[in-house]
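Please look at the sequence and the model shown here before reading on. The report below takes up selected features of it in turn.

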Amino acid sequence: MTLAETPLVRFAGVHKSYDGATLAVRDLDLDVQRGEFLTLLGPSGSGKTTTLMMLAGFETPSGGEILFDGRPITGTPPHRRNFGMVFQNYALFPHLTVGENVAYPLTVRRVSAAECTTRVNNALEMVRLGGLASRRPDQLSGGQRQRVALARALVFDPAMVLMDEPLGALDKQLREHMQVELKDLHRRLGVTFVYVTHDQGEALAMSDRVAVFNDGALQQVDTAERLYEEPANRFVASFVGDNTALAGHVAAIDADFADVTLDCHATLRGRLIGPAAPGTAVQVTIRPERVIVRDGGGANTVPATVQDVVYLGDHLRLRCGIDGRTTAIVKRPVGSGAAPAIGARTHLEFPAEHVRIYP
Amino acid sequence: MEAVADTMADVRVALRRDARHRTATALILVLPLALFLLLTFLVPIGALLWRAVDNPEIARAVPRTVAALARWDAASPPPDQAYAAFVADLQALREQTDAGMLARRLNTEVGGARSLVMNAWRAQPLPAAVDAAAVRAQLIALDPRWEEPWIWQAIAKNGARLTPDYLLASVDLKRAADGSIVTMEADRSAFRRILARTFGIAAIVTAIALVLAYPLAWWLSTMAPRRANVLLIVVLVPFWTSILVRVAAWIVLLQSGGLVNQALRGIGLIDQPLALLFNRTGVVIAMVHILLPFMVLPLYSVMKSIPRDYVRAAVSLGSHPLAAFLRVYVPQTYAGVAAGSLLVFILAIGYYVTPALLGGPEDQMLSYSVAQYANVHLDWGMACALGSVLLAATLVLYAIYRRLARMEPALA
């Protein structure tokens, strides 16, 4: 393997257990490519933060090896790894000024005072906080603190920047604004970012690739689009984005496609993801924006009753009951015809190319 | 517009009524505590400060003499009128206890005054004399010492109702006969030395307690709350034991045939038993033991509130864990260090029982002198003056702490 092909970080068969009984992370094989923005996404307790902490060196894998640039780093203490890290609570040192906070990694590295000043100022300019070097952290707003933490993690030219839910404490508007800035910063600097979040919207908005974790196991690593359009399993399909899920049994299999008899006796055709045989219990899923509301029946159509219509400004959201038991979510652009009335009987078409069937 | 203005006026009235109501409720709620504090804290402290300068005995017993001596220069022979006034004052003292109080008070000023005054009082009434000069001659005939100026100087100096003498004496100063303030003679001065010793012992105890408590508090703060609580109870056990029981236990442990000496001899570290009792070592060991919880608790509460992320962040930025601890963690605990040290130091300078039972004569602290004056010499003025010095020292320390806290917000 040449250098260019070596991933920046490789997790090879990594396990982690805290109590010797349950695995917080199991069988983790994951590559972080040079210069990419990789997000570790998952619900709490899924192992994403443990993975980040093992990468940072604060946790030691119980098994397996983490390679950095092809060299094992499991034995390297965290202060020798040269990774910048941003914490959820910012972790700005309250007894130091903003400037002293940003200068901290430089003083540790015995950078000369003059160069230190220049680099601190550049780093603060980079996060648009020039002129605030003499403030104390408690005099800053949440967003400003986050930027200081970012400047501090970037000022020493780290080999990689690790972020543990850095936007979790910010309000929604500021969070979205910071997402754009983070993405922009990543593009300008070209540094590898590894980012942990439980917010799937945040993951899709910023990342080059997203690694989805559940229950200590890696579920899928893919680009945002592939993750959304081609979820590898039921968990990813339900965790990333909204979904309508219907239960049924496989009736027939035809190459990539399968026919499924739903519990409400309608038959749907869709792409089969994963191994299944006729008779296997499966889950049929489709994204709300792919569902088409029709007046009459047809192929891949199920009868439904409109239960609720929610006006959300840019789109309408319909909740439709199928067979009185399951609910389908339908997303309709505003202005695409008159909204159906609550209680109206209608038909929902699930186009076969957008239906995914998971065993 | 008028309607709006009226509405706003109504709102303001309602708001004021509301605020008054809340203030009244708050006052009623704090009233019992305020009264309690007034009676048990402010009044006694006020009385202490008052008695440190209060000097009623002479002004009350011999008012005419004090008036007659008002213009006296304290060097020339006392005026004849003073003798006459003094005899009149003595005759006015009906009860022996009144004369005794005067005699005892003057005796604390000059030795030999007691017998001189009591003999003069018992000689009353003297035969009637034609003028003041004759009274003078009568008194000198009774005892030739009445011709000497010192007894008159003592009366003149203490004629005022308030005196700075006790406070001056408590820092080894005194008023000379001419009113200037001079240092006490070496053989009568002790309090500066005792004060320095008090502060010295308190400083050593504070330093040792800090060194012992800091790692312990850190260890506790890293634990799961349940285990930390159990261990905190262990830390607090000395709190709940009677101070006499603890001191007795230390006597058993530290005596020359005690457990500590036996153990040290058993492992061959020493040949002769160490002198651990009735000296400074014993006092410091026992005081550190008793005061340790006061250091551990503030440190623990401050350390508990510091997230682990700070040190982790410093380490991730390239700091060696030890450097991260010293540069990032320790500065954030200054508030606890300051609070704990202040608490331990202030408590330590008031210690009495422990040094009295475990120390030698050269290990007694200021409170011992307070007790001596209050219980043995019955000199409340001196006892209160020494107490005031302790109070002043405490207030100065607290002021310094506040000043530091203003300069360094991390301390507050």
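What follows is a report on the overall make-up, a set of paired strands, the salt bridges, and some features of the second chain.

## Model and overall make-up of chain A

The structure is a predicted model, and everything said below should be read with that in mind. Chain A has 359 residues, of which 49% count as buried, and its secondary structure comes to 8 helices and 20 strands. Along the principal axes, the C-alpha trace of chain A spans about 75 × 45 × 40 Å.

The accessible surface of chain A comes to about 15,600 Å², and carbon and sulfur atoms account for 50% of that area. Among the contacts in chain A with a separation of 6 or more, 67% are between residues that lie 24 or more positions apart.

## Strands β11, β12 and β13 of chain A

Strand β12 of chain A, which covers residues 257-262, has two faces: A258(A), V260(A) and L262(A) make up the covered one, while F257(A), D259(A) and T261(A) make up the uncovered one. Strand β11 of chain A (residues 244-254) runs antiparallel to β12(A) and is joined to it by 6 bridges, and one residue pair in this arrangement is G248(A) with its bridge partner L262(A). The hairpin of β11(A) and β12(A) has 2 residues between the strands, and A255(A) takes a positive phi near 55 degrees there.

Strand β13 of chain A (residues 267-272) also pairs with β12(A) in the antiparallel sense, over 5 bridges, and the bridge partner of F257(A) in β13(A) is R271(A). These two strands form a hairpin with 4 residues between them, in whose turn H265(A) has a positive phi of about 75 degrees.

## A salt bridge across β12 and β13

D259(A), a residue of the uncovered face of β12(A), forms a salt bridge with R269(A), the closest N and O atoms being 3.3 Å apart. D259(A) lies in strand β12 of chain A and R269(A) in strand β13, so this pair ties together parts that are 10 residues apart in sequence. Both residues are partly exposed, D259(A) at 22% relative accessibility and R269(A) with a relative accessible area of 27%.

## Other salt bridges

How many salt bridges does a search of the whole structure find over all chains? The search finds 36. In one of them, the side chains of R34(A) and D69(A) meet at 2.6 Å, N to O. R34(A) lies in the loop between β2 (25-32) and β3 (37-41) of chain A, and D69(A) in the loop between β4 (63-68) and β5 (71-72), so the pair ties together parts that are 35 residues apart in sequence. R34(A) counts as partly exposed at 38% relative accessibility, and D69(A) likewise counts as partly exposed, at 27%.

E181(A) forms a salt bridge with R128(A), in which the closest N and O atoms are 3.5 Å apart. This pair links distant parts of the chain, 53 residues apart, with E181(A) in helix α5 (residues 172-189) of chain A and R128(A) in the loop between α3 (113-126) and α4 (142-154). Is each partner buried or exposed? E181(A) counts as buried at 13% relative accessibility, because the cut-off for buried is under 20%, whereas R128(A) counts as exposed at 54%, because exposed means over 50%.

## Helix α8 and the surface of chain B

In helix α8 of chain B (residues 150-157), I151(B), W152(B), A154(B) and I155(B) are buried. These residues cover an arc of only 155 degrees around the axis, which puts them on the same side of α8(B). An α-helix has 3.6 residues a turn, so residues three or four places apart point the same way. What covers the buried residues of α8(B) includes α2 (56-61), α3 (63-68), α4 (80-92), α5 (96-109) and α6 (113-122) of chain B.

A nonpolar patch on the surface, with about 980 Å² of accessible area together, is formed by L31(B), L33(B), L35(B), F36(B), L37(B), L38(B), L39(B), F41(B), L42(B) and V43(B). Of these, L35(B) has its place in helix α1 (residues 2-53) of chain B and is partly exposed, with a relative accessible area of 46%.

Key
Residues numbered from 1 in each chain as written. Chains lettered and ligands numbered in written order. Predicted model: local features only at pLDDT ≥ 70, side-chain atom pairs only at ≥ 80, totals over all residues. Heavy atoms only, no water. Buried < 20%, exposed > 50% of the residue type's maximum accessible area, 1.4 Å probe, protein only. Arc of directions from axis to C-beta. Contact = heavy atoms within 4.5 Å. Patch = residues over 30% accessible without salt bridge, like charges linked within 9 Å, V, L, I, M, F, W, Y side chains within 5 Å. Areas by Shrake-Rupley, 256 points an atom, 1.4 Å probe, with all protein chains shown as cover. Salt bridge = Lys/Arg side-chain N within 4 Å of Asp/Glu carboxyl O. Pairing = 2+ DSSP bridges.
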